[in-house]
Number of protein chains: 2
Amino acid sequence: MPFSFDSATFPRRIYDLIQREGLHHERFFSAHLRLASGAYFKQPGKCLRPKLLVLSCLAAGGDAERALPAAAAVEVFHTWTLLHDDLIDHDSLRRGQPTAHVLGAALAKESWELSEEYAADYGRSLAILAGDVLQGQAMHLIAGMADVDAELKNELLVKMSGELYPQLLGGEQIDVELSYREPEECRAEELLAMMRLKTGALLSYCAWAGVMLAGQNKRELAAKLANFAEFCGIAFQLQDDILGIKGDEKQLGKSTASDLREGKRTLLLCKAWQKITQNEKGLLIKTLGNPTCNSEELECARQIIINSGAIEESAELAQQYIDRAENILEEALPESTAKQGLRQWSAAMLKRKY
Amino acid sequence: MPFSFDSATFPRRIYDLIQREGLHHERFFSAHLRLASGAYFKQPGKCLRPKLLVLSCLAAGGDAERALPAAAAVEVFHTWTLLHDDLIDHDSLRRGQPTAHVLGAALAKESWELSEEYAADYGRSLAILAGDVLQGQAMHLIAGMADVDAELKNELLVKMSGELYPQLLGGEQIDVELSYREPEECRAEELLAMMRLKTGALLSYCAWAGVMLAGQNKRELAAKLANFAEFCGIAFQLQDDILGIKGDEKQLGKSTASDLREGKRTLLLCKAWQKITQNEKGLLIKTLGNPTCNSEELECARQIIINSGAIEESAELAQQYIDRAENILEEALPESTAKQGLRQWSAAMLKRKY
C-alpha cells in the first residue's frame, strides 16, 4: 500500500509522534509549561515541512515510515521558531488560538490574579522557556530515532546545529532589524537574502534530510532537492507577505494587520513604496510599526499597498521562484508518484489561503 | 605532561574553542546578533562545568584533549540558560558587564535612537535569539566532535535533549512559578527538587558525559559520578542563594539585591521565614518581588534574613550535600590525581565567593 499523505491521516500521524515525544519530556514540567509547550500542537498545522521531508525521502527511493520521526522533528523545530517569533512580533493569535505568551499571561491572571503588566511579563517568560523546551524535543526526535544508524543521525544533527540554526536565526534577526530601517532604505536583495535564511533554510533542510534518510550516499540529489526547497521557501514567504495584507483573517487564524502594526519590512512593502505618492508614503509611515494606530488607519494603509499594484508584482516574482524550483525538480528526478507529490507540494505554496 | 587545569590556561583553551565555534556560526549574523551571542564569552567564567567534565573523563581513564569540545559544549549550554534566565529575571549585570537584553537595548538606542520602552523590547528580542543561537552552538560542538565515534556522540545528544533539556527547563519554570507563591507555602522539598533540576541536572550531565567519553561501557561509574555531581549542584545552588544575599557585589559582578527584588523563593528565604517575627515578615514581604523598592528597603530585608540565622543553616545543609557527594566519590574511584581534582572541585562549591 502506498504511503498516505491524506490530509486527515498524515498530520495526525505526525502529531501523534510529537505528542508521544512531549509526554516523555513533560514529566518534569509544571502544568503551565505543559500547556505552553503543547499549545501549538492542539490544532494540527498544515505539516508542510514533514510532508516535504517524507516526499523527498520517497522520491529518493527511501522508506517513508522510517523517516517519520525526522518529519515530526522538523515540525517541532518549526514550532519553536513560531513560539519565539510570535513573542518577538507581539502576535496574539496563531491558528485562531492565543499565542504562547498570551496564553501564559492568561494563566498568570487565573493563577495569581496578577496585573496586566506582571501577567504579560510572566507570559513572556513562559513562552521563552516553552520554545526552549521544543528545541530539546526536536533534537531528541532525531537523536532518538530507533531505525537509523548513528552516523546518519549525527550528520542530520551536524547540519541542523551548524547550518540550519545559524541561518534561520540570522535571518530572523535581520527581519527584526530591518523593521527599524526607513522603507526606502530596504533593498530587494537584502529582503530576498533574509527570506532565504529565515524561511528557505528550514525547507531546504527538510528536503536534504529526507533524501539523506533514503541513503547517505545520495548527496548530489540531496543538494538538488535542498535547492528546490529553498526556492519554494522564498515563494512561500512572498505569498505569506501577500496573505499578511490581503488574506482572509478567519482562514489565516490571525489578523491581517499584524505585519503592518509590527512594521515588518517585506518585499511587498518595498515594492509598494516605489510606486506610491509622497502623500501615500506619509499615511503609510504613520501606521508602520505603530502599535497604537486604529483599525481605520490600518485599513487605509492596507488599501494603499493593495492599490499600488505591488501585490501582483510580488505574486509574479513568487511564481518565478516556483518555476525555478520546478525546473530543478524536473532535472533532478525521473518521473514517480513522489516526484508528482513534490510538484504539487511546490505549487501549493502559491495556492494556499492560510 | 599532565593535563593543566591552571586557572590561566584551562578557561582560555575552552574559550578559544567556543570562539572558533562562534566564528563558524556568525557568518549569517548581523553585528548585533554577533555581539549578543558572544557577550558572555568576553570575560571567561570559572569554567566549573567544563572542568567537571574533563576531570570526570580523566578519573575514568579517558583522554582530556579528546573531551575538550564537549567541555566547551557544556559551557555554551550553560551560557544560553544564563542569557534566557537573565532576561526572565530582569537581571542587568553578569560578570560585571551588561546582560544580553540590556546590551541589546543600548544597541537599539545607539542604532536607531529608540525610546526606553522600544529599546527594551528590542533588547528582549535580541536576547531570545542570541540564547537560541547558543543552543545550536552547544549541539554543534558535540555533534561535530572529530575524534569521537558517532554512536557515542549520539548517546551524548540523546541524554542532552531527552533528559538535560526537560529537567533544566522544568526546574527553571518551577523557580519562576514559586516566586508567585506566599513564602510560607514554599516547602523545602519542593525547593530542593527545583535546585536538583535547575542546577543539578547540568552538572550531573557533565560528569556523566566525561566518563562516557572515557569509554561507553563505563556506565556504572558514569551514573555514580553523575550522582556525585548532582549533590554538588544542590550545594552550589544553596551557596549561590547565600551569596545572593551576603556576597560581595564587586566579586559577584552583580547586585546582591536582585534575588530579593525578583522575589526568588530560595530555601534560604524559606528557612528565614520560619524564624522571623510577624513584623519582620511584613517588612520582608513588601520588598520581595517589588521592582520599585529603594535601596534602604532592600538593605533592611537583607539584614532580616542575615540576622535570622538562616544563612548558617543553609551553609550547614550545603556542607551536608558536599559530604554526601564526597562519600560517593570515595566509594566510586581509586585514588588518582583526577580524583583529587574532583575532591577539590566539589569543595570549591562552598569556598567560592562569586
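This text walks through the pairing of two chains and then through one helix contact inside chain B. The model is predicted.

Start with the symmetry. Chain A falls on chain B after a rotation of 180°, with 0.0 Å of shift along the axis and an RMSD of 0.0 Å. That is the relation of a two-fold axis. Both copies use the same surface: 100% of the contact residues of chain A recur in chain B. To find the axis from chain A, look at Ala150(A). Its C-alpha lies 2.7 Å from the rotation axis, the closest approach of any residue of chain A.

Next, the interface. Chain A puts 42 residues into the contact, and chain B puts in 42 residues. On the side of chain A that touches chain B, five elements of chain A give two or more residues: helices H1 (10-25), H2 (31-38), H4 (64-88), H6 (116-143) and H7 (150-178). H7(A) gives the most, with 18 residues. By class, this side of chain A has 21 nonpolar, 16 polar and 5 charged residues.

Now move inside chain B. Two packed helices are described by the angle between their axes and the distance between the axes. Helix H9 (residues 219-246) and helix H16 (residues 337-351) of chain B have axes that come within 8 Å and cross at roughly 20°. The angle is under 35 degrees, so H9(B) counts as roughly parallel to H16(B). Their crossing is left-handed.

Which residues meet there? H9(B) brings Cys232(B), Ala235(B), Phe236(B) and Gln239(B). H16(B) answers with Ser346(B), Met349(B) and Leu350(B). The contact of H9(B) with H16(B) comprises 5 nonpolar and 2 polar residues, with no charged ones.

Conventions
Residues numbered from 1 in each chain as written. Chains lettered and ligands numbered in written order. Predicted model: local features only at pLDDT ≥ 70, side-chain atom pairs only at ≥ 80, totals over all residues. Least-squares fit on C-alpha atoms with pLDDT ≥ 70 in both. Contact = placed C-beta atoms within 7 Å. Axes fitted to C-alpha atoms, helices over the stretch in contact; angles between N-to-C directions. Helix = DSSP H or I, 4+ residues; strand = E, 2+ residues; numbered from the N terminus. Parallel < 35°, antiparallel > 145°, perpendicular 65-115°, else oblique. Left-handed = near helix turned anticlockwise from the far one by under 90°. Nonpolar A, V, L, I, M, F, W, Y, C, P; charged D, E, K, R; others polar.
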